[in-house]
Amino acid sequence: MSGVKLFTVRGIAVKMHVTFPLILVWAAVQFGYLNQRGFSLSGAAFGIVITLLLFICVVIHELAHSLTATAMGFPVRDIVLLPLGGIAQMERMPERPGQEFLMAIAGPLSNVVIAVLLVVGGLLFGLDVRPRMDLARLGWKDTLPYLIATNLGLAVFNLIPAFPMDGGRVLRALLATVMPHARATALAVSVGQGLAWMLGLMGLLSGNFLWILIAFFVYAGAAQEGQLIHVKNVLQGLRVRQAFSRHALSLSPDDPVSRATDLTLESFQADFPVCDAEQLVGLLTHTDVLRALKQRRPDTPVREVMRTKFPTIGLDDGLFEAHRQMTEAGLDALPVMEGEQFLGLLTRRDVNEVYQLLSVSPELLTQRRGV
Ligand SMILES: [Zn+2]
């Protein structure tokens, strides 16, 4: 996920996703028409200011996760702000329960700290600090109470013990201290999905659509985490050399793009390495082919539409790691290299085949691992 860079904190770029301004427009409209007969400019300005202040708290929350992670040696690529919150994008997640616990709890804890500081500061200046969230009657004088309330709300909401909330990670970390990691994950996933069902049911009964929406989001997040851990367990210990295709078809830079479609129709291969005299010079993905055919002529040479910047993997890289790299780069195939020599292609389908095979007959795993 990319975005416009706003600033950098200790090497972590804080970015704004292109859709982020939508929330400001929403806030301006929402507060502009609040308890007024017509549109109020002051109300709209208040909506924008309060939302920006709220997002400063969200950035602090994400930075708390990120700085805890980097302090423990887990690099964080960036923080992206979306209309409904922030995401810290990490290269890899801590797995030791203690580390996961610290990283997960740091976010909600930062919001509690902000709320406490605001209360203390407010009291020092003799301001009203009783938390208020009643949107229908909110005005400039309620800025402080509202911020205190939303920070407490952020802390509580994020501590719901369900993936993908921080609380889900906290729960897994706590469970993982007394049972194996995989079982802790499975249990945390079940708890999260149970909560999602309850929330969804409550939303249905009370007609609260926001709850139903959150329930869906939590349910899907929990399922995704469970799936990820399952894939990881199955693929663990396997190497690229055990799954890649040595006989992948390749294109020459001078081939017309239409050759890619011909090959796909003949062989089902959708992504092609581009080789110039045995030397890998590019990658032509299925998306590249479709784009080229739409925008240019079918006889356009491959060299003009192929990508020249893409990750590659080594024979002895882990299969799970390779799969993760593929997902991160948004590709369905990665060229496999040994030094400068191009050996073949690892596709998402290769990984899926191994995964499905081993999911149904895990006894193959021991043999495969022996290779
Ligand atoms: Zn968080």
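This report describes strand pairing and helix packing in a predicted model.

**The four-stranded sheet**

Strands 1 to 4 form an open sheet in the order 1-2-3-4, with mixed pairing. Its edges are strand 1 (4-9) and strand 4 (85-90), each of which pairs on one side only. On average, neighbouring strands of the sheet are turned by 25° against each other, direction ignored. Helix 2 (residues 41-71) packs on this sheet and touches strand 1, strand 2 (12-16), strand 3 and strand 4. The direction of helix 2 makes about 20° with that of strand 4.

**Antiparallel pairs**

Two antiparallel pairings are set out below.

| Strand pair | Bridges | A bridge pair |
|---|---|---|
| Strand 3 (residues 76-82) and strand 4 | 6 bridges | V76 with M90 of strand 4 |
| Strand 5 (residues 272-276) and strand 6 (residues 279-284) | 5 bridges | V274 with G282 of strand 6 |

Strand 5 and strand 6 make a hairpin with 2 residues between the strands, in which A277 adopts a positive phi near 50°.

**Packing of helix 5 on helix 6**

Helix 5 (residues 166-176) packs against helix 6 (residues 181-206) at an angle of about 140°, and their axes lie 8 Å apart. Angles over 145 degrees would count as roughly antiparallel; helix 5 and helix 6 are therefore oblique to each other. The crossing of helix 5 with helix 6 is right-handed. Helix 5 contributes G168, L171, R172, L175 and A176 to the contact, while helix 6 contributes H181, A184, T185, L187, A188, V191 and G192. By class, this contact of helix 5 with helix 6 comprises 7 nonpolar, 4 polar and 1 charged residues.

Conventions
Residues are numbered from 1 along each chain as its sequence is written. This is a predicted model: local features need pLDDT of at least 70, side-chain atom pairs count only at pLDDT 80 or more; totals for chains, interfaces and linings use all residues. Two strands pair if DSSP finds at least two bridges between them. Axes are lines fitted to C-alpha atoms, for helices over the stretch in contact, and angles run from 0 to 180 degrees between N-to-C directions. Two residues are in contact if their C-beta atoms, placed from the backbone, lie within 7 Å. Angles under 35 degrees count as roughly parallel, over 145 as roughly antiparallel, 65 to 115 as roughly perpendicular and the rest as oblique. A crossing is left-handed if the near helix is turned anticlockwise from the far one by less than a right angle, and right-handed if clockwise. Ala, Val, Leu, Ile, Met, Phe, Trp, Tyr, Cys and Pro count as nonpolar, Asp, Glu, Lys and Arg as charged, and the others, Gly among them, as polar.
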